[in-house]
Number of protein chains: 2
Amino acid sequence: MLQGNAIIGQSGGPTGVINASLCGIIQACQGQKVIRRTLGMRFGIEGFMQGDVIDLGREKPETIEALRTTPSSALGSCRHKIKDADFPRILEMLKKFDVRYYFLIGGNDTMDTIHRVEAYCRTQGYELIGVGVPKTVDNDLCGTDHTPGFGSAGRYVAMSVKQAGMLARDMKRVDQYVIFQTVGRSAGWLPAAAALAKTAEDDAPHIILLPERPFDRERFLADVKRCHDRYGWCSVVCGEGVTYADGTPVSASSVTDKFSNVEFGAMGGTSAAMMLHQMIKTAYGWRGEFQVCESLQMCAADRVHPGDIEEAYACGRRAVELAANGVSGVMVSIVRESNDPYRWSLGTAPLADVALGAKPMPDAYINGEGNFVTAACLEYLRPLVGPLPEYVRLSGTPA
Amino acid sequence: MLQGNAIIGQSGGPTGVINASLCGIIQACQGQKVIRRTLGMRFGIEGFMQGDVIDLGREKPETIEALRTTPSSALGSCRHKIKDADFPRILEMLKKFDVRYYFLIGGNDTMDTIHRVEAYCRTQGYELIGVGVPKTVDNDLCGTDHTPGFGSAGRYVAMSVKQAGMLARDMKRVDQYVIFQTVGRSAGWLPAAAALAKTAEDDAPHIILLPERPFDRERFLADVKRCHDRYGWCSVVCGEGVTYADGTPVSASSVTDKFSNVEFGAMGGTSAAMMLHQMIKTAYGWRGEFQVCESLQMCAADRVHPGDIEEAYACGRRAVELAANGVSGVMVSIVRESNDPYRWSLGTAPLADVALGAKPMPDAYINGEGNFVTAACLEYLRPLVGPLPEYVRLSGTPA
């Protein structure tokens with residue numbers, strides 16, 4: 001068997017459970033005879049190319065164990081898109097640190113990185129085993145039922161929309177609407193997760209805008225009006241990446257003349273909700289608010305779903321077991337065995353397939369009007385987000 | 001003793017624990033012989049004037065008990081500023097529902113309402129006992145050490161800034177700053193609470209902008225640059241109501257020409273953070289994000305501090321005990337007996353004094369540069385927000 005050191009990197013945006021995967025990989029590496037030392041890349045492949053490598057064997061075991069519940073990317077992350085020119089330097093570093101086992105935790109760009117580095121090394125006669133561990137709050141990774149990190153971010157979204165919906169209901173004499181924006185540019189999994197907040201017909205959310213469906217201003221305003229007529233208030237959840245039919249982002253210009261020259265899109269992707277807010281305010285003159293939490297939904301360690309931690313950790317361990325058995329060029333995947341009771345197992349997906357692109361929500365998960373999710377979608381989401389807290393409502397018998 | 005019904009109302013913005021006060025009042029009323037029925041105003045004094053009154057005695061005891069951990073304002077709330085013309089109608093309703101005990105949970109406007117209604121009734125020869133229960137996430141109420149609801153909102157802020165700070169640190173190769181905006185127009189207690197997130201020198205937050213100190217664009221940008229030079233990233237927390245020395249809100253216009261015609265102030269108070277974002281981006285060209293959570297920090301029941309629930313509940317009970325003993329015209333207050341260990345007791349403050357105005361942070365709680373809080377402030381805040389979760393950091397020994 002191939003003997004050498006292992007190296008681990010984290011890539012792209014953090015999640016609430018990405019460190020649980022890191023913990024799983026480190027602990028599993030330490031139990032493998034073929035792996036001598038367990039190293040970490042600081043700031044992903046970018047730091048690695050600069051030789052910024054740490055010895056994870058020098059960390060206290062209790063620090064490694066505590067990674068399970070520590071948010072963000074403990075190794076530091078990057079968004080470096082790998083270029084052909086990078087390969088010689090990467091190989092040089094792999095040789096320098098005697099790396100034979102190569103693990104990255106990330107999304108499709110990250111899987112592409114592993115895939116290409118591994119292929120390059122093969123052409124250079126350097127034996128390297130590379131295995132990917134999935135991660136993204138957006139849940140748009142191909143080859144797996146879902147990604148570790150998504151359930152917990154979905155939980156943050158659903159909790160926020162549920163609590164803010166109760167507030168909006170109780171404050172409807174003051175404010176008439178609330179808009180919550182989620183991250184996730186091209187797939188609507190996170191805004192969809194908000195639907196789990198709804199247990200009664202008048203509960204938030206009332207309208208969910210998904211990047212998978214074109215945004216139509218008139219239809220949206222009519223939907224808002226209908227909810228307002230029915231409930232006295234309206235809850236809207238939108239993905240940051242919603243676009244008009246012609247592909248123009250809702251976040252950019254063209255809604256009112258006032259904003260037409262403002263590059264909201266470049267300001268952090270926070271503007272779809274603001275534009276919707278502006279539309280409602282202009283059309284109806286109501287008071288309301290928009291909420292843009294940005295990366296808070298990617299690091300809320302106190303709102304993670306325990307099952308998500310468990311899966312993230314298991315994916316990390318499995319990556320090492322596969323690698324130690326000589327398996328290379330795959331990403332660990334999660335296979336859903338059943339919904340109720342929820343059961344899952346681990347599988348693998350070829351890196352080449354995962355690297356190809358993002359996975360949008362299927363049509364069967366979106367209602368005909370394109371403004372909410374279906375029962376099938378809720379069934380898919382429920383075990384990932386976990387049960388939400390139950391709050392009471394007064395029956396309100398007139399005196 | 002005066003016999004009759006009691007009525008309870010909730011006013012202004014919700015908190016995570018305002019229903020715990022409601023629970024305390026209801027449960028205490030049900031144990032008082034002088035109180036026949038316990039009624040609730042739907043949507044505060046505004047609903048009351050319309051006769052929207054419910055019988056809280058008809059709610060299941062387990063529903064009342066569960067109010068302790070249910071966010072938002074279960075009775076519904078309003079922001080009605082009482083007018084002299086309202087008094088006859090209010091008296092008519094008090095008589096109709098035979099109300100002799102009158103409890104409102106709210107801030108200074110609410111205390112003013114109780115005070116004036118009670119005074120009017122006296123001039124009309126209608127005997128009414130009115131007691132106020134403090135509430136506001138802003139903590140700007142006079143006559144009490146702090147307000148129920150503040151500690152939990154402060155906890156939401158501190159948790160968010162802590163988690164997002166870890167993320168920003170780990171992502172500093174991608175994004176260089178993060179700006180978190182809190183609610184609280186005229187007092188900086190909530191942005192100040194973010195300081196509890198800091199345990200190491202490079203932890204978030206680095207800069208806290210308080211409404212109590214004038215905003216200076218050049219000084220702010222220099223502060224941001226200094227943090228960026230030192231840490232590679234920068235965390236800023238700002239109160240929504242920060243203003244320039246001449247009183248102009250940071251949230252409004254005049255930062256760049258682009259925005260000069262846009263009424264951000266009227267759009268929900270979400271714009272101070274966006275303006276700061278725009279300033280940094282324009283000055284340094286960095287990438288970064290701003291986070292505007294708005295009412296989410298007022299209703300996050302899963303992030304309440306248990307001590308805050310306990311105090312909110314106790315304030316509610318005490319209001320009833322006072323009223324049943326004939327005490328009127330006061331608000332229940334919290335008296336801090338000691339900091340470490342934290343001990344508190346209940347007192348009272350005359351409604352007339354509380355109604356007068358908002359309580360800003362004292363000078364001793366703000367550092368000389370006006371961009372952070374002092375150790376004395378942290379000592380004040382710590383027991384209210386409670387201990388924050390501890391997360392680990394890798395020691396990062398080079399390989």
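How many residue pairs are in polar contact across the interface of chain A and chain B? The rule finds 31 such pairs, both residues being at pLDDT 80 or more. The model is predicted. Chain A and chain B bury about 6,600 Å² between them, and chain A itself is divided into domain 1 and domain 2.

**Relation of the two chains**

- A turn of 180 degrees, with a shift of 0.0 Å along the axis, lays chain A on chain B with an RMSD of 0.0 Å.
- The two copies are thus related as by a two-fold rotation axis.
- The same surface serves both copies, since 100% of the contact residues of chain A recur in chain B.

**Interface of chain A and chain B**

- Chain A gives 84 residues to the contact, and chain B gives 84 residues.
- Of the roughly stated area, about 6,600 Å², carbon and sulfur atoms account for 63%.
- Salt bridges across this interface number 4 by the rule.
- One salt bridge is formed by the side chains of A:Asp302 and B:Arg303, at 2.8 Å from N to O.
- Polar contacts across the interface of chain A and chain B come to 31 residue pairs.
- Several elements of chain A each supply at least two residues of the side that touches chain B, among them strand E2 (35-41), helix H2 (44-49), helix H6 (150-170) and helix H9 (272-284).
- H6(A) provides the largest share of that side, 9 residues.
- By residue class, the side of chain A that touches chain B has 41 nonpolar, 24 polar and 19 charged residues.

**Domains of chain A**

- Domain 1 covers 4-149 + 304-354, and domain 2 covers 150-298 + 361-385.
- Taken over C-alpha atoms, the centres of domain 1 of chain A and domain 2 of chain A are 33 Å apart.
- The contact between them takes 21 residues from domain 1 of chain A and 18 residues from domain 2 of chain A.
- About 1,500 Å² is buried between domain 1 of chain A and domain 2 of chain A, with 53% given by carbon and sulfur atoms.
- A:Val137, A:Asn139 and A:His305 are the residues of domain 1 of chain A that lose the most area to domain 2 of chain A, together 34% of what that side buries.
- The rule finds 0 salt bridges across the interface of domain 1 of chain A and domain 2 of chain A, but 12 residue pairs in polar contact, both at pLDDT 80 or more.
- The side of domain 1 of chain A that touches domain 2 of chain A consists of 6 nonpolar, 10 polar and 5 charged residues.

**Salt bridges**

- Over all chains, the structure holds 42 salt bridges.
- One of them joins A:Asp55 and A:Arg37, whose closest N and O atoms are 3.2 Å apart.
- This pair links distant parts of the chain, with A:Asp55 in strand E3 of chain A and A:Arg37 in strand E2 of chain A, 18 residues apart.

**Backbone features**

- A:Asp340 and A:Pro341 are joined by a cis peptide bond, with omega about 5 degrees.
- A:Pro341 lies in the loop between strand E10 (330-339) and strand E11 (342-350) of chain A.
- In chain B, a cis peptide bond joins B:Asp340 and B:Pro341, with omega about 5 degrees.
- The loop between strand E10 (330-339) and strand E11 (342-350) of chain B holds B:Pro341.
- A:Glu294 is not a glycine, yet has a positive phi of about 50 degrees.
- The place of A:Glu294 is the loop between E9 and helix H10 (306-324) of chain A.

Methods:
Residues numbered from 1 in each chain as written. Chains lettered and ligands numbered in written order. Predicted model: local features only at pLDDT ≥ 70, side-chain atom pairs only at ≥ 80, totals over all residues. Heavy atoms only, no water. Least-squares fit on C-alpha atoms with pLDDT ≥ 70 in both. Contact = heavy atoms within 4.5 Å. Domains from an automatic or database assignment. Buried area = accessible area lost by both parts, 1.4 Å probe. Polar contact = N/O pair within 3.5 Å; in protein donor to acceptor, adjacent residues only side chain to side chain. Nonpolar A, V, L, I, M, F, W, Y, C, P; charged D, E, K, R; others polar. Helix = DSSP H or I, 4+ residues; strand = E, 2+ residues; numbered from the N terminus.
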